[in-house]
Amino acid sequence: MGEGGLLKNIKHGDLESPDFLTNDLGKRWVWREEITMKPYAGCKYNHTPICGLLNLMKEHAFTWQEIESVHYTVSAGCRCTIEPAEVKWNPQTPAEALFSNPYSVAYAAITGDCFLEAYEADVIKEKMASPEFQDLMPRISYETDPSLPPFDDYPITVTLKDGRTFSKIEDMLPGNVKNPMSWEQIEHKFWNCTRYSAIDLGKEKYEKIIELCKNLEKLEDMNELLNVLTAK
């Protein structure tokens with residue numbers, strides 16, 4: 001229950017009585033309601049802006065080259081990824097890039113995703129020196145609204161070079177109770193993660209892990225899953 005304890009982190013806010021954890025016991029899993037799965041790598045505050053832009057690009061079939069400007073309204077907490085501007089629009093290290101909203105958004109817009117490779121030192125150096133990033137990042141802007149929830153309901157407006165404008169409020173970031181990640185999205189992230197495994201278990205084992213996790217509630221013996229997760 002301390003200042004850095006799980007009780008505060010689970011609610012992303014002020015400390016409160018732990019009684020809420022047992023409300024509707026057996027009907028609700030309150031802990032799960034506040035735990036989210038990151039669809040991308042990097043700071044969680046980058047995720048809704050990434051998701052919002054990728055969704056608009058898909059919905060309206062435009063490319064990053066067509067973008068004149070992207071403007072977001074974000075939560076107060078998101079300021080840690082947009083301030084100070086001289087660092088966030090010009091990250092030079094993995095630590096700076098991980099907490100740079102415009103870098104992460106630009107990377108996702110240009111490549112279609114934003115995973116761990118986006119924050120490797122040599123990749124950051126390459127991208128920040130590229131004409132593509134130099135062109136797109138200055139076109140991304142933000143304002144903050146303290147009334148917004150930490151990670152959802154961010155308004156986004158994209159203006160294209162041909163004058164068309166598209167706006168939406170991004171409230172469907174995958175990975176929470178309201179909008180769980182689909183198995184397709186989970187598998188996509190899982191396969192991305194396998195590229196960074198300390199020990200490569202091999203394609204056959206990875207496919208078996210996916211199969212067992214999809215049917216976890218029907219699994220009679222958890223050792224079956226533990227065995228396949230173990231390198232031998």
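In which loop is the place of aspartate 24? In this predicted model, aspartate 24 sits in the loop between α1 (6-11) and α2 (30-34). Its backbone has a positive phi of about 55°, although the residue is not a glycine. Most residues other than glycine have a negative phi, and most peptide bonds are trans. Aspartate 24 has a relative accessible area of 43%; because partly exposed residues are those between the limits of 20% and 50%, aspartate 24 is counted as partly exposed.

A second aspartate also shows a positive phi. For aspartate 153, which is likewise a residue other than glycine, phi is near 60°. Aspartate 153 is placed in the loop between β2 (140-144) and β3 (154-160). With a relative accessibility of 28%, aspartate 153 is partly exposed.

The peptide bond from glutamate 83 to proline 84 concerns omega instead: this bond is cis, with omega near -5°. Proline 84 belongs to the loop between β1 (67-74) and α4 (85-88).

The account now turns to a helix. Helix α6 spans residues 101-111, and 9 of its 11 residues are buried, so the helix is largely enclosed by the rest of the structure. The buried residues of α6 are Asn101, Pro102, Tyr103, Ser104, Val105, Ala106, Tyr107, Ala108 and Ala109. At the N-terminal end of α6, serine 100 acts as a cap, with a side-chain oxygen 3.1 Å from the backbone nitrogen of tyrosine 103. Just after α6 comes glycine 112, where phi is positive at about 95°.

Technical notes: Residues numbered from 1 in each chain as written. Predicted model: local features only at pLDDT ≥ 70, side-chain atom pairs only at ≥ 80, totals over all residues. Heavy atoms only, no water. Buried < 20%, exposed > 50% of the residue type's maximum accessible area, 1.4 Å probe, protein only. Helix = DSSP H or I, 4+ residues; strand = E, 2+ residues; numbered from the N terminus. Polar contact = N/O pair within 3.5 Å; in protein donor to acceptor, adjacent residues only side chain to side chain.
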